[in-house]
Amino acid sequence: MSLEQTLNDDEKLAELTLEELQQLVGLVDYDASQDPFPVSGWDALVWVVGNATQTAHFFQSAYGMDLVAYSGPETGNHDHHAFVLTSGAARFVVTGAYDPGSPLADHHRRHGDGIVDIALAVPDVDRCARHAAATGATVLEAPHDLTDQHGTVRLAAIATYGETRHTLVDRSRYRGPYLPGYVARSSTFVRRPGAPARLFQAIDHVVGNVELGAMDTWVAFYNRVMGFTNMAEFVGADIATDYSALMSKVVSSGNHRVKFPLNEPAAGRKKSQIDEYLEFYGGPGAQHVALATNDILGTVDALRTEGVIFLATPDSYYEDPALRARIGDVRVPIGELQSRGILVDRDEDGYLLQVFTKPLGDRPTVFFELIERHGSLGFGIGNFKALFQAIEREQELRGNF
């Protein structure tokens with residue numbers, strides 16, 4: 001599979017070129033001919049929230065997403081509301097219970113707002129589902145078709161950590177707004193004059209938090225079931241502070257289009273961010289989503305204007321001579337990064353800029369990362385300690401540290 005072939009229909013419709021996608025998410029060449037579970041990219045992140053109507057508006061007004069499809073009581077779905085939003089190649093599906101007896105209501109009572117389904121685009125659903133079953137995965141939904149006047153979508157689903165699932169999607173024969181059962185829907189929301197047309201262009205990675213001792217089990221799951229390769233490993237002093245620690249390993253699809261860092265807590269003097277997440281989410285789940293942007297300064301400015309709150313980075317981070325020596329020249333002055341709390345890291349391939357929001361909802365669980373890559377294929381290991389210290393300051397304010 002060439003890099004050109006990794007561009008799925010949604011990425012082409014988002015007018016992303018191969019070169020733009022390579023810079024945004026760090027694509028690499030790979031030979032898919034022997035891949036038993038080829039993954040071409042992300043299909044959608046499906047959220048369960050307490051109020052889908054308001055959350056859909058929030059993703060439009062604060063994060064600049066576009067409403068493109070809807071399912072709900074007006075379309076014959078009397079279980080829940082579902083709003084489909086896009087930004088470039090990224091697609092969110094925000095669901096919330098309409099019927100108080102909906103399973104979504106029970107899920108939300110257990111976990112709060114969060115991601116229940118990390119849906120993946122695959123060229124051959126049946127091949128992937130067969131391989132998953134043969135290698136010990138739990139197949140939640142056998143391959144099946146959904147059809148309407150716009151064509152046919154082929155789907156299956158497998159279980160992963162906690163109550164998270166991967167729906168496998170082949171929409172090559174479908175031209176509808178999302179899936180059968182959804183209707184096209186736009187919004188009357190109007191952005192502020194001068195607001196950027198798009199604040200982020202793609203999903204870079206999704207981080208999963210799992211319980212102590214489970215990280216290697218799930219790394220092995222992605223290796224065995226989905227043919228993902230180990231991309232990075234973070235242990236020891238690089239990923240610890242004076243008070244808390246965690247361990248992390250990263251698995252990715254062959255072309256690095258889909259990347260899953262997996263975290264577990266490690267022994268520390270106080271409760272780690274992973275411990276806090278597991279407690280308040282009620283078990284393993286998706287901790288944060290990294291959104292790829294080609295203008296992190298403009299994105300942060302626009303998000304702040306709409307009231308999005310980011311983790312604070314102390315001035316000492318930017319004044320550290322070792323940091324200045326390590327990162328070298330980047331595209332903007334350090335002062336511009338400092339005024340926005342943007343972190344910078346460099347590796348042998350290039351550098352990246354990143355910044356993290358505070359939790360999106362009432363529980364201290366899921367949040368966003370904004371990332372701008374310039375050659376780097378990493379995850380900002382040089383920033384881990386500064387990031388974790390910032391999270392610890394927030395935990396202390398919440399009384400969970």
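Buried means under 20% relative accessible area, exposed means over 50%, and partly exposed is what lies in between. Keep those cut-offs at hand for the exercises below, which work through a predicted model.

**Exercise 1. Sort the two partners of a salt bridge in α4**

Task: Which residue forms a salt bridge with Arg-109, and is each partner buried, partly exposed or exposed?

Solution:
- Step 1. Begin with the pair. Arg-109 forms a salt bridge with Asp-106, and their closest N and O atoms are 2.3 Å apart.
- Step 2. Place the pair in the fold. Both residues belong to helix α4, three residues apart, which is about one turn of the helix.
- Step 3. Classify Asp-106. Its relative accessibility is 34%, so Asp-106 counts as partly exposed.
- Step 4. Classify Arg-109. Its relative accessibility is 54%, so Arg-109 counts as exposed.

A general thought to carry forward: side chains of opposite charge can pair when their charged atoms come close.

**Exercise 2. Follow the surroundings of Arg-340**

Task: Work out which residue shares a salt bridge with Arg-340 and what else Arg-340 touches.

Solution:
- Step 1. The salt-bridge partner is Glu-336, with an N to O distance of 3.0 Å.
- Step 2. Glu-336 and Arg-340 both sit in helix α11 (residues 334-340), four residues apart, or about one turn of the helix.
- Step 3. Compare each value with the cut-offs. Arg-340 has a relative accessible area of 11% and is therefore buried, whereas Glu-336, at 35%, is partly exposed.
- Step 4. Look for another polar partner. The side chains of Arg-340 and Ser-339 are joined by a polar contact of 3.4 Å.
- Step 5. Set aside residues up to four places away in sequence. Arg-340 then touches Leu-297, Val-300, Asp-301, Arg-304 and Val-355.

**Exercise 3. From a pair to a network**

Task: Which residues are linked with Asp-145 in a network of salt bridges?

Solution:
- Step 1. Take one pair. The side chains of Asp-145 and Arg-154 meet in a salt bridge of 3.1 Å, N to O.
- Step 2. Check the setting of Asp-145. With 39% relative accessibility, Asp-145 counts as partly exposed.
- Step 3. Extend the pair. The network links Asp-126, Asp-145, Arg-154 and Arg-173.
- Step 4. Put the network in context. The count for the model comes to 18 salt bridges.

**Exercise 4. Describe the largest pocket**

Task: How many residues line the largest pocket, and which elements contribute two or more of them?

Solution:
- Step 1. Start with the volume, which is about 640 Å³.
- Step 2. Turn to the lining. There are 28 lining residues, and Val-46, Asp-117, Glu-141, Arg-165 and Thr-167 lie nearest the centre of the pocket.
- Step 3. Name the elements. Two or more lining residues come from each of β1 (41-48), β4 (90-97), α4 (103-111), β5 (114-121), β6 (139-148) and β8 (165-174).
- Step 4. Sort the lining by class. It has 14 nonpolar residues, eight polar and six charged.

**Exercise 5. See how α3 and the loop before it pack**

Task: Find what caps the N-terminal end of α3, what its buried residues pack against, and what Val-49 contacts.

Solution:
- Step 1. The cap is Asn-51, which has a side-chain oxygen 3.3 Å from the backbone nitrogen of Thr-53.
- Step 2. In helix α3 (residues 52-61), the buried residues are Ala-52, Thr-55, Ala-56, Phe-59, Gln-60 and Ser-61.
- Step 3. Those buried residues pack against β1, β2 (66-71), β3 (80-87), β4 and β17 (367-374).
- Step 4. Step back to Val-49, in the loop between β1 and α3. Its relative accessible area is 3%, so Val-49 is buried.
- Step 5. Leaving aside neighbours within four places in sequence, Val-49 is in contact with Thr-55, Val-94, Thr-95, Gly-96, His-108 and Asp-113. Val-49 and Thr-95 are 46 residues apart in sequence, yet their C-alpha atoms are 6.2 Å apart.

**Exercise 6. Spot an unusual backbone angle**

Task: Where is His-256 found, and is it buried or exposed?

Solution:
- Step 1. Recall the general pattern: most residues other than glycine have a negative phi.
- Step 2. Now read the angle. His-256 has a positive phi of about 70°, although it is not a glycine.
- Step 3. Locate the residue. His-256 is in the loop between β12 (245-252) and β13 (259-266).
- Step 4. Apply the cut-off. At 13% relative accessible area, His-256 is buried.

Key
Residues are numbered from 1 along each chain as its sequence is written. This is a predicted model: local features need pLDDT of at least 70, side-chain atom pairs count only at pLDDT 80 or more; totals for chains, interfaces and linings use all residues. Side-chain values use heavy atoms; hydrogens and water are left out. On a 1 Å grid over the protein atoms alone, a cavity is a set of points where a 1.4 Å probe fits but cannot get out, and a pocket is an open set with protein on both sides within 12 Å along at least five of seven lines; lining residues have an atom within 4 Å of a point. Grid points are joined across faces, edges and corners, and a volume is the space filled by probe spheres set on the points. Ala, Val, Leu, Ile, Met, Phe, Trp, Tyr, Cys and Pro count as nonpolar, Asp, Glu, Lys and Arg as charged, and the others, Gly among them, as polar. A salt bridge is a side-chain nitrogen of Lys or Arg within 4 Å of a carboxyl oxygen of Asp or Glu. Buried means under 20% relative accessible area, exposed over 50%, partly exposed in between (1.4 Å probe, protein chains only). A polar contact is a pair of N or O atoms within 3.5 Å; within protein, one must be able to donate a hydrogen and the other to accept it, and residues adjacent in sequence count only if both atoms are side-chain atoms. Contact means heavy atoms within 4.5 Å.
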